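Work through the backbone exceptions first, then the pocket. Keep the model open beside you.

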Amino acid sequence: FRDIMVPRLDEVSKDNYLGEANYNKLFPVRKELLQLYSLQPRHLGALVMPDTSMEPSIAKGDMLLVDTSVTAIERDKQRIYALVKDKTKLVICRADEDVFGKLMWVDSRGRQSATTVKDEEWAQFTIAGRIVMRTGAL
């Protein structure tokens, strides 16, 4: 009983869309890790990094833990978020907000390549949560 089972966010079924918890596909997480980072199991989801866009911070294939209680961009924090576009495309990126809209960028290209997303386009996105931890191969 040292593992907490966390639902997958990147597995679609008849009961959930991409970015929503799939309780039929679970990922085990050590209870000690959750306590160490003060994470609440009921607000966590797991997903696999689908590509190399966030390297060197996150590698393709890394398992990511997502705090699903985060549903808004935290201004001036430059945090990493799991976003879902049109319920069909998973986007892992850093995001911030300014007077012109939301800024989105990936670590492989750096902040200087940030794209400004106006409110009309932002409406296509859903924030699945903020990435709080990653596990990967050494």
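Three exercises with solutions follow. This is a predicted model, in which local features need pLDDT of at least 70, side-chain atom pairs count only at pLDDT 80 or more, and totals for chains, interfaces and linings use all residues. Residues are numbered from 1 along each chain as its sequence is written, and side-chain values use heavy atoms, with hydrogens and water left out.

**Exercise 1.** Find the geometry of the peptide bond from E55 to P56, and place P56.

Step 1. Omega is near 15 degrees, and the bond is cis.
Step 2. P56 sits in the loop between β3 (44-48) and β4 (63-67). Strands are DSSP runs of E, at least two residues, numbered from the N terminus.

**Exercise 2.** Examine phi, location and exposure for Q78 and D86.

Step 1. Recall that most residues other than glycine have a negative phi.
Step 2. Q78 is not a glycine, yet its phi is positive, about 55 degrees. D86, also not glycine, has a positive phi near 55 degrees.
Step 3. Q78 lies in the loop between β4 and β5 (79-85). D86 lies in the loop between β5 and β6 (89-98).
Step 4. Q78 is partly exposed at 34% relative accessibility. D86 is partly exposed at 44%. Partly exposed lies between buried (under 20% relative accessible area) and exposed (over 50%), with a 1.4 Å probe and protein chains only.

**Exercise 3.** Which residues lie nearest the centre of the largest pocket, and which element gives the most to its lining?

Step 1. K89, V91, C93, M104 and V106 lie nearest the centre, among 21 lining residues.
Step 2. β6 gives the most, with 5 residues.
Step 3. A pocket is an open set of points on a 1 Å grid over the protein atoms alone, where a 1.4 Å probe fits, with protein on both sides within 12 Å along at least five of seven lines; lining residues have an atom within 4 Å of a point.

Methods
Helices (H or I, at least four residues) and strands (E, at least two) are DSSP runs, numbered from the N terminus.
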